[in-house]
Amino acid sequence: MNFELTEERQMLQDTLRRFLADRYGLETRNKIIDSEEGLSPEIWAELAELGVIGALFTEEDGGFGGKGFDITTVFEELGRAGVVEPFLDTAILGGGLIAALGSDTQKELLEEVIGGALHLAFAHGEPRSRYELNQVETTAKVSGDEIVLSGRKAVVVNAEAAGYLVVSARESGGLMDEDGISLFLVPADTAGLTMVGYPLMQGGRAAEVTLDDVKVPSSARLGEAGKAYPAIVTAAARANTALSAEILGSMETATGLTKEYLVTRQQFGRPIGTFQALAHRMSDMLIELEMARSAVINIAGRLESDTAERDRYVAATRNYLGRAGRLIAEEAIQMHGGIAMTKEYELAHFAKRIVMSDHRLGDTDWHLERFIALSAAA
Amino acid sequence: MDLNYTPEEQAFREEVRTFLAEKLPKDLADKMKTKSELSKEDYLRWHKILYEQGWIAPNWPKEYGGAEWNAVQRHIFEEECAFANTPRVLPFGLAMLGPVLQAFGNQEQKDYYLPRILSGEDWWCQGYSEPGAGSDLASLKTRAVREGDHYIVNGQKTWTTLGQHADWIFCLVRTDPNVKQQEGISFLLIDMKTPGITVRPIILLEGTHEVNEVFFDNVKVPVENLVGEENKGWTYAKYLLTHERTNIAGVGASKAALDSVKRMARAEMSGGRPLIENPAFAARLAEVEADLMAMETANLRIVSQAAVGHAPGIEASMLKVKGTIIRQEINDLARRAVGPYAMPFQSEAVEGDNQPIGPDYAAPQASRYFNNRKLSIFGGSNEVQRGIIAKTQIGV
């Protein structure tokens, strides 16, 4: 075994950490969150230039990474800095699905994605599907050379900025069947595709997307008809890996801010960290952080394993991060007191990133049940 | 012992229900369900309705215009109001200052201020915390120096809830810096229109403007605005804090919130069946309900034992700690219940006439979860409460 990052990943980590420390402070971040776009095109372009998006794709797809540890290295730094830009949506989900299923022509889009010129969104979740990856009501009907898409997609993160939406739709089978789900590459300006956008609690934006007889050519289909489900599960595994690393990064910052506050904040004539009631809770936060880091390493190291093994680790890690994340977010707020409840102090943003991640790609309980099911089968 | 409500108590509940059905404006109840902020007018509308009914001050003695209800009546009222989604009755004038004036104010102060608190004519806010004085409240630094028939006040208060609407603020100020901290504090009533007062908003993490900083720059306050004796303010402040804590368990609000989680969990589907049948979710829900069932009786038992208007001792601290843990757990379940639809930042998204994103009950859940982290911080943090319990019980 070896627990060191490779030299390349170490360099990527250093570069990214320096850049974000320099360019992504509280004021910049709040300005981005309050902006109409909910992201900064300049920061996006600069990070693409630094190779951050390229690190999330394999060499054969035009990048220089794409493995589990590349993903966790990048996303831990994004989490540490509280970055709200949609790397998860454009690169891991949207880009990852094109890389996994796309034809050579479709894959040409990846160059634009890696260069920072094109945003993507994964329009999969629906108003009633909650976290179930196989529950798809949106329909795809073949009509001559065209395919007609109809349905509604819920909380599609980054939909407004996206040039293309990767839309899931059912070509056959029943509501919960894994078989019969296809993916389509739909240009955002296609007739019949409408969206209502809104800001998210944790920063960034999403939209409710309506597909009202949206017509696309059959060349818009990604991969084989009705066979997209395994690729969706893999994309979710990669996204859960990224999200776990991001939560870890935000937990590090929340813990660091709290540690600093315990040393500097004086009450009753001494630093509040000298009160054992708080000191021991700080110790628990540090223990949880260490464990969470190991859980993220677990998932990163198994991302290329067989799917049963991989998914068992995905579920365990998200469940662990969900519990440890909630503890750290809530304890960090409590030990700070009122100041942590304000928008002006940056802890609040990290607490929101951590807690609201429990609403993407399955929550703590959902991953627990999945872990139970996968472990029973193992 | 008898855990059943008496026929009189049941009749009282019916009376409250009838009143709420007739008098609670539907638009206010709807706003409580879907929005995270109320306007000044919203609060005042509901205040006036209760005032006209004679129910605005449940814990005040009749001689001051209160309802003088007993603990069980107050519990019933609180519960019915929570289930009906009434706006909150703000505690600053009615639950905090009122009892202090009744106990320590002079006749002129009682005659002038109490009726105006009842009618809602004066909106009061609380000037206790300072940037450097939170849990360690006695270390407060806002100075009041006597000059002739005025005090000159300089300093800063913070976390002033809804101070942006306030006509008056009751303040703890330091009148003697040369004695033990607790012995140099006075209790002062200050008109917010006095020159030298600046109110600056603090925006909370879920985007609401609920608290403020209040700055005092050479603010002239007439000496007749002093409550009780100079330098005895800490005694009055402690008296007020025990009153602040009589309803701190928030049982009615927690019961209504739990009921709403159940309704959401019946409507939400997870993996093809109602979320309420999901084992992990159901287990969490059942545990917090079991906690709440014990808490309801603990609250009634403790509050009944204390005389009307008189606060219990460390049991109040116990109610606060456990009551806030329960409420925050319910808020956590509520945000989980709505799944991905917890993410839209709805206090912004539903501004104006926009349709809420997702089911209408989803809109305020994440905001409420974050906002109610304050419950274990304010009114004496849960750490301070545990300190009080430990000090009284262990004593070393």
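Tutor: Contact here means heavy atoms within 4.5 Å. The model before us is predicted.

Student: In chain B, what share of the contacts with a separation of 6 or more comes from residues 24 or more positions apart?

Tutor: Such residues account for 73% of those contacts in chain B.

Student: How many helices and strands does chain B have?

Tutor: Chain B has 13 helices and 10 strands. Its radius of gyration is 22 Å, close to the 21 Å from the globule rule for 396 residues, so chain B is as compact as a globular protein of that length. Along the principal axes, the C-alpha atoms of chain B fill a box of roughly 75 × 50 × 50 Å.

Student: What percentage of the residues of chain B count as buried?

Tutor: Buried means under 20% relative accessible area. By that criterion, 54% of the 396 residues of chain B are buried. The accessible surface of chain B is about 17,000 Å², and carbon and sulfur atoms supply 52% of that area.

Student: How should one read the buried residues along a helix?

Tutor: An α-helix has 3.6 residues a turn, so residues three or four places apart point the same way. Consider helix H9 of chain A, residues 276–302, which has 27 residues and reaches 39 Å from its first C-alpha to its last. The buried residues of H9(A) include Leu278(A), Met282(A), Met285(A), Leu289(A), Ala292(A), Val296(A) and Ile299(A).

Student: What covers the buried residues of H9(A)?

Tutor: The cover includes helices H4 (68–80), H8 (229–264) and H10 (307–336) of chain A, together with helix H13 (382–393) of chain B.

Methods. Residues are numbered from 1 along each chain as its sequence is written. Chains are lettered from A and ligands numbered from 1 in the order in which they are written. This is a predicted model: local features need pLDDT of at least 70, side-chain atom pairs count only at pLDDT 80 or more; totals for chains, interfaces and linings use all residues. Side-chain values use heavy atoms; hydrogens and water are left out. Helices (H or I, at least four residues) and strands (E, at least two) are DSSP runs, numbered from the N terminus. The radius of gyration is taken over C-alpha atoms; the globule rule is 2.2 Å times the number of residues to the power 0.38. Buried means under 20% relative accessible area, exposed over 50%, partly exposed in between (1.4 Å probe, protein chains only). Accessible areas come from the Shrake-Rupley method with a 1.4 Å probe; for residues, only the protein chains shown count as cover. The expected span of a helix is 1.5 Å times one less than its number of residues.
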